[in-house]
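Hi,

Here is the structure I promised to pass on. Have a look at it first, and then read my notes below.

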Amino acid sequence: MQFFLDTADIDEIRKGLDLGILDGVTTNPTLVAKTGRPFREVIEEICSVVPGPVSAEVVSLDAEGMVREGKMVAQWAENIVVKIPITTEGLKAINTLSQEGVKINTTLVFNPMQALMAAKAGAAFVSPFLGRLDDVSSPSLGLVASIIDIYMNYGYETEVICASIRHPMHVVECARMGADIATMPYAIFEKLIKHPLTDAGIKGFLADWEKVPDKPF
Ligand code: E4P
C-alpha cells in the first residue's frame, strides 16, 4: 500500500519524507489556503521535495476552464497530478486531459458509479472520501470495497486513493481490502506507528538493560 500525505504544509511533508515511506502528496484548495502562501509557489515546492505524485486541484466549474487550469498546472512539474471533481463537466475534462497524457486524480467521489465513470474517462486515480461519508452516517468502507470489486471485474488500472481519512482504522480497513493508496493528515501518519505497549516494552527493556554487566554500548 502506498502512503500519501494529505497536506500542503511543507514542514509536515519533510517530516513524512524523513520517515522514508512517503509515496506522494494530495492537496486541495482548503489545505493550500491554510498555508497562506501562493498556490503555484506551494505546489512547486512540494513537487521539488516529493519524488512521487503530487495532486493539485482545479477550481473552474466548466470543462473548458478545468482543462485550461489542468494544462497550466501540469506544466509546473513532472510529478503533478491534476485533481478534478467528479461532475458532468469534470468528467469531460478528465477525458480530455487524460487523452493528452495528463494524470488525473478524480476527487469528491461518494458512490461507486462516480468511480466507474472516472475510470472509463481515463483517470489515473480516484479518491473516495471516507470521513465525509461517515459524517453523514453512510458506509464509507463499503464504497471502497465496491470500487475495488468493480475495477477488478473490468480490469481498470485506475488506482484507488482512500481519502478523507480520520483515524488509523480507516487505513487498516483500506489496506485489508487492497486499496492502492491511503492519503492522510500527518497526525494520522504518525499514529500508524505508535502503540502504548511498544513504548511500555522499550521502557521495561531499558530498565533491565541497566542491570546487564559490562555493556558494550
Ligand atoms: C483528498 O484528496 C482530500 O484532500 C482530503 O482527503 C479531504 O479530507 P477532509 O474530508 O478531511 O477534508
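How many salt bridges does a search of the whole structure find? The search turns up 10. Before I go through some of them, please keep in mind that this is a predicted model.

Let me start with E45 and R37, which form a salt bridge with their closest N and O atoms 2.6 Å apart. E45 is partly exposed, at a relative accessible area of 24%, and R37 is partly exposed too, at 28%.

Next come E89 and K92, another salt bridge, with 2.7 Å between the closest N and O atoms. Both residues sit in helix α5, three residues apart, which is about one turn of the helix. E89 has a relative accessible area of 25%, so it falls in the partly exposed class. K92 is in that class as well, with a value of 44%.

The third one is R176 with E173, where the closest N and O atoms are 3.4 Å apart. These two belong to helix α9 (residues 168–177), and being three residues apart there puts about one helical turn between them. R176 counts as exposed because its relative accessibility is 67%, above the 50% cut-off. E173, at 24%, counts as partly exposed. Salt bridges with shared partners also tie R14, R37, E41 and E45 together in one network.

Now the rings. Searching the whole structure gives six aromatic pairs. One of them is Y151 with Y156, an edge-to-face pair with 6.0 Å from centre to centre and 65 degrees between the planes. Why is Y151 called buried? Its relative accessible area is 4%, and buried means under 20%, so Y151 qualifies. Y156 comes out as partly exposed, with 26% relative accessibility.

Y186 and F189 make a tilted pair, 6.3 Å centre to centre with 55 degrees between the planes. Both lie in helix α10 (residues 186–191), three residues apart, or about one turn of the helix. Both are buried. Ring pairs also bring in F3, which forms a cluster with Y186 and F189.

One more residue I looked at is I94, in helix α5 (residues 88–99). Is I94 buried or exposed? It is buried, with a relative accessible area of 0%. Leaving out residues up to four places away in sequence, I94 touches I84, I86, I104, T106, A118, A121 and A123. Of these contacts, I104 is 10 residues from I94 in sequence, and the two C-alpha atoms are 6.5 Å apart in space.

Finally, some numbers for the whole chain:

- The chain has 11 helices and eight strands.
- Its C-alpha atoms fill a box of roughly 75 × 40 × 30 Å along the principal axes.
- Of its 217 residues, 45% count as buried.
- Among contacts with a separation of 6 or more, 56% are between residues 24 or more positions apart.
- About 11500 Å² of the chain is exposed, and carbon and sulfur atoms supply 56% of that area.
- There are 19 positive and 28 negative charges, and their mean positions lie 3 Å apart.

Cheers

How values were computed: Residues are numbered from 1 along each chain as its sequence is written. This is a predicted model: local features need pLDDT of at least 70, side-chain atom pairs count only at pLDDT 80 or more; totals for chains, interfaces and linings use all residues. Side-chain values use heavy atoms; hydrogens and water are left out. Rings of Phe, Tyr and Trp (its six-membered ring) pair if their centres lie within 6.5 Å; planes under 30 degrees apart count as stacked, over 60 as edge-to-face and the rest as tilted. Buried means under 20% relative accessible area, exposed over 50%, partly exposed in between (1.4 Å probe, protein chains only). Helices (H or I, at least four residues) and strands (E, at least two) are DSSP runs, numbered from the N terminus. Contact means heavy atoms within 4.5 Å. Accessible areas come from the Shrake-Rupley method with a 1.4 Å probe; for residues, only the protein chains shown count as cover. Lys and Arg count as positive and Asp and Glu as negative; His and the chain ends are not counted. The place of a charge is taken as NZ of Lys, CZ of Arg, CG of Asp or CD of Glu. A salt bridge is a side-chain nitrogen of Lys or Arg within 4 Å of a carboxyl oxygen of Asp or Glu.
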